[in-house]
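Work through the exercises below with the model in view. Try each task before you read its solution.

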Amino acid sequence: MTPAFKSVTFKLILGTAWLFLLVWPMTGIKPEGLEFAQAAQIVGAALVAAMAIVLASKLGRKVDLGVGRAVVKAASRLSALPGALWKTAGMAALLAFPVLSPRYGQDVAINVLVYVTLGLGLNIVVGLAGLLDLGYIAFYGVGAYTYALLSVHFQMSFWLALPLCAAFAAMAGCFIGYPTLRMRGDYLAIVTLGFGEILRLVLNNWMKLTGGPNGILGIKPPALYLPAPENGWGMSRFLLKSPISQYYLILAIALFTVIAVRRLTDSRIGRAWEAIREDETAAALMGVNTFALKLLAYAMGAVFGGVAGAFFAAKMRFVSPGSFTFIESAMVLSMVVLGGMGSIPGIVLGALTLIALPEAFREFEHYRMLVFGAAMVFMMLFRPAGLLPAKRVGRRSEEAHS
Amino acid sequence: MDFFLQQLINAITLGGFYALIALGYTMVYGIIQLINFAHGEFFAAGGYLGVVLLAWMNAHGYMETHPWLCLALAFVLAMSYCALLAMGVEKIAYKPLRRASKLSVLLSALGMSIFLQNGLMLTQGVYDKSYPGVYAKDALTLGGFNFTYLQLIAVGTSALLMVGLNRLVYKTRLGKAMRATSQDRVMATLVGISPNRIISVTFAIGAALAGASGILVGLYYGSVRYDMGFVPGIKAFAAAVLGGIGSVTGAMLGGLIIGITEIFTAAYISSDYKDVFSFVILIAVLYFMPTGLLGENINDTRV
């Protein structure tokens with residue numbers, strides 16, 4: 001009975017009692033009478049899990065299996081290989097994926113790539129410029145509705161509409177960004193959240209333009225014109241309707257985003273954004289035009305959101321306000337933070353995790369979102385800086401203590 | 001004119017609900033600079049525990065004999081339940097992240113919110129649950145206006161709780177410790193205040209107020225739903241920011257303003273756009289007063 005053991009036991013007992021008090025009223029008090037079995041089951045399961053975690057962490061500390069060291073060694077050996085080899089192998093895997101995967105895998109992959117694009121766009125605002133944006137999905141909505149309206153009313157082709165979607169989203173970004181430039185920190189969060197909600201409500205209620213909650217139907221998929229040698233100089237029209245062709249389209253968009261964001265990060269503008277993130281006052285003092293650059297961050301972030309939105313509308317061939325709720329913004333933000341703010345591989349991993357996790361939990365059925373929420377908390381507890389944190393993030397002195 | 005005054009009564013009732021929720025946001029923000037996304041779920045949990053307790057008491061016939069005692073008991077128990085829940089959530093999801101960046105805590109809060117909402121759905125079902133409607137029967141006519149008893153209960157309880165909170169924060173030792181911790185945690189520790197205890201208590205008080213608001217909303221509208229915490233949560237957060245986040249009086253004022261805007265937009269303009277107007281007012285106020293109505297100038301913290 002060491003004191004450490006005593007304190008752990010005490011904590012477990014207190015936690016069990018506490019959990020029982022929380023679970024029992026919700027499961028056990030029924031108009032027919034009181035019931036204890038279900039609450040006891042849940043609390044018992046939680047207690048077993050907690051004991052297993054405590055035991056595992058104690059054992060892990062005592063017995064060093066050397067797994068960690070072996071992994072590090074293998075990783076360092078692998079990373080010694082030339083970068084071009086990695087890139088070629090990765091590209092080949094990405095290109096071959098839809099051919100080898102079943103339909104279900106293709107759909108999940110398309111979803112992941114859409115969120116990679118969104119995550120990287122939001123990364124410009126949150127990760128680089130350090131402006132907390134809780135309404136990012138509004139730009140996704142602007143892009144989707146722009147293409148939907150252009151396609152349905154003017155029969156405009158996807159490729160012509162794409163730059164327009166990006167432009168409208170950028171304008172929306174400036175429109176939302178402008179009034180928020182004077183605000184800092186969390187005031188920004190609620191204002192962007194408010195703008196996101198305003199957009200959704202307007203889409204939901206402006207029946208004449210957007211069809212309200214019913215959405216817009218009959219959006220055209222993107223088309224490619226390929227030379228058809230058999231009828232002379234004619235061209236054959238190929239609609240990108242199958243999941244495979246959509247996969248390649250969104251892969252191209254996502255790769256373009258990755259390259260663009262990477263170049264932006266390394267550019268003067270990217271450095272200026274990072275300076276604003278680290279200390280706005282100091283950045284302004286060093287001659288960074290904080291006003292223009294913050295606005296630019298909103299606009300650039302919005303562009304990628306708009307492009308992803310246009311793709312989404314073309315893929316679903318249907319848009320409705322239900323796709324642009326706050327929870328979507330929260331999901332994209334979670335990808336950025338979970339992956340590691342400002343780090344491109346991190347965000348790709350974050351998107352993969354957050355889309356793939358609920359898919360993997362499908363067997364839990366009703367418990368899927370419950371497990372998802374708990375997993376989010378645990379991932380933050382174990383890796384607060386994200387899965388693959390960016391290297392170039394400073395720490396302010398006033399955050400270090402307290 | 002009568003219509004106007006009647007709407008004003010409705011608006012004050014609704015504003016009281018928002019204010020009670022907003023207080024929790026503002027107190028937690030004031031002390032650890034966290035937007036507690038799980039706060040809306042405390043509100044929902046309070047509403048559900050209220051319906052669970054009242055339905056049980058109703059089935060056993062206590063409601064007929066002692067209706068007011070039952071209601072008071074439901075309030076006390078639901079508020080303590082929410083306080084316990086909030087302290088547990090704080091201990092598990094926020095305390096280990098005290099030193100991490102603000103965004104990681106925000107995400108942890110978001111995960112907790114999803115977890116609690118789904119937990120509520122799994123234990124209580126996806127359908128609306130109705131409150132036993134014994135308090136809704138009568139209306140009081142006073143100088144040509146109709147107050148339902150429910151409105152009186154709602155406004156009275158909200159006012160009572162808010163006055164109580166104000167006294168607690170500004171007149172007691174605990175309140176002094178809370179204010180000290182929110183001003184400077186390190187200095188507060190130096191004068192013998194335990195910040196962890198104070199943070200825990202702050203969460204408990206905020207959640208208890210949200211839980212009370214949950215019961216009031218359940219009684220007033222007649223039913224609760226597992227996802228009821230989400231929209232009022234966002235609006236109450238807007239109210240807290242509108243009043244100046246971190247300021248207790250500001251949260252009350254902000255809640256009232258959001259409630260008034262919502263009811264009057266619905267009454268005079270269009271009920272479809274009532275939420276749009278609340279957010280437009282919020283953005284307009286923040287544009288001209290970037291720290292809210294009663295907020296102090298926060299130093300430039302980054303996300």
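Three exercises follow, each with a worked solution.

This is a predicted model: local features need pLDDT of at least 70, side-chain atom pairs count only at pLDDT 80 or more, and totals for chains, interfaces and linings use all residues. Residues are numbered from 1 along each chain as its sequence is written, while chains are lettered from A and ligands numbered from 1 in the order in which they are written.

**Exercise 1.** Describe the overall build of chain A.

Solution. Start with the elements. Chain A has 17 helices and six strands (DSSP runs, numbered from the N terminus: helices are H or I with at least four residues, strands E with at least two). Next, take the box: along the principal axes, the C-alpha atoms of chain A fill roughly 90 × 60 × 50 Å.

**Exercise 2.** Find the domains of chain A and their separation.

Solution. First read the bounds, which come from an automatic or database domain assignment. Domain 1 of chain A covers 3-59, and domain 2 covers 86-392. Then compare their C-alpha centres: these lie 41 Å apart.

**Exercise 3.** Analyse where chain A touches chain B.

Solution. Count the residues first. In chain A 52 residues are in contact with 53 of chain B (C-beta atoms, placed from the backbone, within 7 Å). Now list the elements of chain A giving two or more residues to this side: H1 (3-28), H8 (186-205), H12 (280-285), H14 (326-339) and H16 (368-382). H8(A) gives the most, with 12 residues. Last, sort the residues of this side by type: 35 are nonpolar, 11 polar and six charged. Here Ala, Val, Leu, Ile, Met, Phe, Trp, Tyr, Cys and Pro count as nonpolar, Asp, Glu, Lys and Arg as charged, and the others, Gly among them, as polar.

Note on methods. Contact = placed C-beta atoms within 7 Å.
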